Amino acid sequence: MTLDFSWLLDPLYQTWLLRGIGTTILLSLLGMVLMFAIGIAGAACLHLKLRFLQSPVTIFVELFRNTPPLVQLFFLYFMLSEIGLTLTDPVTGGRIPLFTGFTCVVLSLGLYNGAIAVEIIRSGLLAVPAQTVEGARSLGYSRLQTFRYVELPIGLRMSIPPMTSNIVSLIKTSSQAVLVAVADIMYGATQIMLETFRNLEVMLLIWVIYLVIASLAVLVVRRIAALFRIPGYGS
Amino acid sequence: MNAELKLFALGTAGVTLVLAALLVIVYGAETGPVLQALAARTPLLLSGSPDFSRFEGGFAANIVISIWAMAIAAVAGTALGVGMISQSSLVRTPSFLLMNVLRNSPWLVVLYAMLYLLPFEIALFGTVFSFSPMIKAVIGLALPVTANVAEVFRGGVEAVPTGQWESARSLGYRRLQILHRVVVPQAIQFMTPNLMTTYAMLFIGTSLVVVTGADDVLSVARTVIASDGAQYATAIYLYVLFLFFIFCFPIAILTRWLEQRVRVRQ
C-alpha cells in the first residue's frame, strides 16, 4: 500500500482545508460559550436548590446526557425546519431560515456538552470548602453574593481537569457537522475525497489535524489552569 | 438506593413527558396519525425486520455492535493499561502516546478511516474473511474506547494502596502476578462504575456507525423517513432519542449507585 499526498499541493484543496479548519474552530468556540452558559446556569439552579427549577434542570441534564448528540442534531435540524422559524433578510427581503445547519450544530454541541458541564461544575461547587462559604456568609454576603463571588470562582477552578476532557469531547463531536452539510473540515475532506479518490490519505490527514487541534486545546486549558491556580490546591 | 430510585423515577417520567410534549407541539392535531405511523414502524426500528422475525438491524444492531466493541476494547484496553504502568519506559512511553492519540481522535474520523483502511475481505489460511460494514463499525468504535478502558484500568490500579504492592513483592510475587492476583481484584470495584460510564458513552457513540453503512437504528430511521416522507422526521428522531435514553439512563443510575457504594466502603 502506498500513500500519495501529492493532492495536498493543490491550492484549491488547501483553501478548502483551511476554511474547514476555521469553521471547525468557530463551531467549537461558539459551542463552548453555550456549554459554559448552560453549565453555569444549570449548576447554579441545582446548587442554590431553586425549588421550581431543580426538577426541570435535572430532566434536561439526564435527557441530553443520555442520548447521542448526533440524534439530537438531526432532531433539532428537522424539528426547527418543521416549525419553520424564519427571519426576513433586511437586504433582499427574502425569508431565510433562522436555524441553519451551523446554528443547529452549535446548539446540539452546547446542549450535549452543556448537560455534562452542569454535573462537572456542580461537583466543583461541592468541592469548595464549607469553611470558606461559612466565612463569606458571616461577612454578611447574601446567598447569591456568596455564590457569585466565592463559590463560583473557586468551584470553576476545581472543575478544570474534568472540564478539559469535556472540551476535547466537544471538539471531537463537532466533526458531526458534516452530516448536516456544514462546511467544516470533515466536509472539506469529503469534497477532496470525491475529487481525488485518495480516501485513506485524506482521512489520515484529517485525523492528524483533529489530534493537533485537540492537543492545542489541552495546552491552552493547561495555561489557563496554571494562571488561575489557587496556591495550596492541587499540584 | 433511595435517592437514585427517586432520580430514576423523575428522569424517566420527566423525559418521557418532555418528549411527548415536543411531539404534540410540533404536530398539533396530527399527533394521532403520526403516533399510528410510529407504531407501524416500531418493529423495523427495533429489530431491522418488519415483524421481529430477526434481530440484525435497527436498535438491536446498536446493542450488538456496542457489546462486541466493548469486548474488544476491554481486552485491548487492559493490555494497553498494563503497558502504561510498566516499569520500562520503552513500553510505557509508546503506550501513553497511543492512549493519547486514540483518546483525542474524533470517533467519526476513526470510523471513516476504518472504512477505507480495512480491506473488503482478507484471505487467511485459505479462508476468506469478509469485513462487513458491521465489523468495520465494531473495530472503528473499539479503537477510541480502548484508550478509555486503559485510562480506567490505570486509575483503578493507582487507587490501590502501594503497601499492597510492597507486601506482595516481599512474598515473592512477580510484577504481573501481583497485578493479576493482588491488585486488580481489589481495583475492580473502583473500575466498575467507570467501565459502565465508558460503556454508556460507547453506546451513545454507536449512533455514528450510520456512516459505515451498518444497518443501525439511525440508518433505518433515515430509510423510513425517505419512504414515509419528511413530515415524520421529527417524530422518528424523537422516538430514536427516547430509545437511546431508555437504554442509557438505567446504566447511568446504576453507575451512580455503585459509585456511592464504593465511596462509602472506603
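Which residue of chain B forms a salt bridge with A:Glu62, and how far apart are the closest N and O atoms? In this predicted model, the partner is B:Arg256, and the closest N and O atoms of the pair are 3.0 Å apart. The count of salt bridges between chain A and chain B is one. Polar contacts across the interface, with both residues at pLDDT 80 or more, amount to three residue pairs.

**The interface between chains A and B**

On the side of chain A that touches chain B, five helices each supply at least two residues: α2 (54–65), α3 (69–83), α7 (160–173), α8 (185–196) and α9 (199–227). By residue class, this side of chain A divides into 23 nonpolar, nine polar and four charged residues. In total, 36 residues of chain A are in contact with 43 residues of chain B.

The size of an interface is often given as the accessible area lost when the parts come together. Here chains A and B bury about 3800 Å² between them, and 80% of that area is on carbon and sulfur atoms. Of the area that chain A buries against chain B, 17% is supplied by A:Asn66, A:Phe75 and A:Trp207, more than by any other three residues.

**Nonpolar cores**

The largest nonpolar core contains 132 residues, and the members that touch the most others are A:Met186 and A:Ile206. Helix α10 of chain B (residues 233–265) provides the largest share of this core, 16 residues. Leaving aside residues up to four places away in sequence, A:Met186 touches A:Ser175, A:Val178, A:Met203, A:Ile206 and A:Tyr210 in chain A, together with B:Leu108, B:Val109 and B:Tyr112 in chain B. Another core, of 16 residues, lies apart from the largest one; among its members are B:Ile178, B:Val184, B:Ala187 and B:Met191.

**Backbone conformation in two loops**

Most residues other than glycine have a negative phi. A:Ala181 is not a glycine, yet has a positive phi of about 60°, and A:Phe197 likewise combines a positive phi of about 60° with a side chain other than that of glycine. The table sets out phi, place and relative accessibility for these residues.

| Residue | Phi | Place in chain A | Relative accessibility |
|---|---|---|---|
| A:Ala181 | about 60° | loop between α7 and α8 | 53% |
| A:Phe197 | about 60° | loop between α8 and α9 | 66% |

A:Ala181 counts as exposed because its relative accessibility, 53%, is over 50%. A:Phe197, at 66% relative accessibility, therefore also counts as exposed.

Notes: Residues numbered from 1 in each chain as written. Chains lettered and ligands numbered in written order. Predicted model: local features only at pLDDT ≥ 70, side-chain atom pairs only at ≥ 80, totals over all residues. Heavy atoms only, no water. Contact = heavy atoms within 4.5 Å. Buried area = accessible area lost by both parts, 1.4 Å probe. Salt bridge = Lys/Arg side-chain N within 4 Å of Asp/Glu carboxyl O. Polar contact = N/O pair within 3.5 Å; in protein donor to acceptor, adjacent residues only side chain to side chain. Helix = DSSP H or I, 4+ residues; strand = E, 2+ residues; numbered from the N terminus. Nonpolar A, V, L, I, M, F, W, Y, C, P; charged D, E, K, R; others polar. Core = buried A, V, L, I, M, F, W, Y, C linked by side-chain atoms within 4.5 Å. Buried < 20%, exposed > 50% of the residue type's maximum accessible area, 1.4 Å probe, protein only.
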